[in-house]
Amino acid sequence: MARYFPGKNLSVISPPSIPTRRALQHSILDLFSFRLCDSTAKADLERRAQHLARLSTQPVYILREILQYLKQQRIVVPIYTFLQDMVGRVVSAERRRVSNLLSDALTTEISQQLDALLCADESMYRVSILKHEPKDFSYKELRQESERRQFFAPLHEFARQFLETTGISIPVSEFIYFSKEKQVTRQYIIVHHDKLEFPICLFRIKDNDYSALWMKCTHQGSELNASGDHLYCSSHGSEFDSKGKAIHGPAEKNLRSFPITVQGDKIIIELTKG
Ligand code: FES
């Protein structure tokens, strides 16, 4: 107070009331084009944190990205405990999600093989063999390399299949192509996956808004065709819009859709919850 009111009798100057202070804070925020982190912004922040947790469950990484986002969007940083609780929540949820997926997928045999990796063998953990590189092309080194491959092959195959079931990842750049040196944006991409009987049509509704639809007609199960911003069935003429809504019969039910998350430059289609 002495700094702003030099030479004044401070005892007769009272600080402004809480409503006045709030009004002043809002005016200052308006002047600098900032806004408060209200409940809508907090819900949006939590969604972003969930996406980030899929890339890395390192709390520091999530916190840094969130702070960067708040800065870009000119949103006032909420109190530290809110951020701390939110990051803790999304990290735990992501760990639970991956653990559940793993426990569904792990067979007894694979579990035993994973446990074996942590067994010490001649003072070295078996998992350390992964880092071992053959020194030369001698018979002994090649034989060891071949044994190593045989040991890890089932685990590698399990990991490959497991990663496939956790979701399909499509680069956002897949929607862009060049025609006569001009950049053109595709309306949809057809995605094929070994585990699915029918392909998925990934529609781009607008920036960061996509829908992933199973191309199986809900009338009698024929495979659909994509054209422009809709899907149609050549068997009996049903049509569906880019959100999967049945807009022309005989099909009455909407299409099955898969949840999507956009993580940076990747679109993840979650097969497990579809
Ligand atoms: S199976 Fe598609 S309209 Fe009949």
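**Cores, sheet and first helix**

Leaving aside neighbours within four places in sequence, Cys 201 is in contact with Tyr 188, Ile 190, Leu 213, Met 215, Ala 226 and Leu 231. The model in which these contacts occur is a predicted one. Cys 201 belongs to the largest nonpolar core, which has 22 residues; together with Ile 200, Leu 202 and Leu 213, Cys 201 touches the most other members. At least two residues of this core come from each of strand 7 (200-206), strand 8 (209-214) and strand 15 (266-269). Apart from this core lies another, of 10 residues, including Leu 52, Ala 53, Leu 83 and Val 90. In soluble globular proteins, nonpolar side chains tend to be buried together.

Two of the contacts of Cys 201, Ala 226 and Leu 231, lead to a sheet. Leu 231, in strand 10, is the bridge partner of Ala 226. Strand 9 and strand 10 (residues 230-232) are paired in the antiparallel sense over 3 bridges. They form part of an open sheet of 4 strands, ordered 9-10-11-12 with antiparallel pairing. Strand 9 (225-227) and strand 12 (246-248) each have a single partner strand, so these edge strands are each left with one side lacking a neighbour in the sheet. On average, and with direction ignored, neighbouring strands of this sheet are turned by 35 degrees against each other.

Helix 1 offers a further element to examine. Its 14 residues (residues 18-31) should span 20 Å at 1.5 Å a residue, and the end C-alpha atoms are 20 Å apart, so the two values agree. Helix 1 is hardly covered, with a count of 0 buried residues among its 14. Just after helix 1, Ser 33 adopts a positive phi of about 55 degrees.

Conventions: Residues are numbered from 1 along each chain as its sequence is written. This is a predicted model: local features need pLDDT of at least 70, side-chain atom pairs count only at pLDDT 80 or more; totals for chains, interfaces and linings use all residues. A nonpolar core is a set of buried Ala, Val, Leu, Ile, Met, Phe, Trp, Tyr and Cys residues joined through C-beta atoms within 7 Å. A residue is buried if 20 or more other C-beta atoms lie within 10 Å of its own, exposed if 12 or fewer, and partly exposed in between; C-beta atoms are placed from the backbone. Two residues are in contact if their C-beta atoms, placed from the backbone, lie within 7 Å. The expected span of a helix is 1.5 Å times one less than its number of residues. Two strands pair if DSSP finds at least two bridges between them. Axes are lines fitted to C-alpha atoms, for helices over the stretch in contact, and angles run from 0 to 180 degrees between N-to-C directions.
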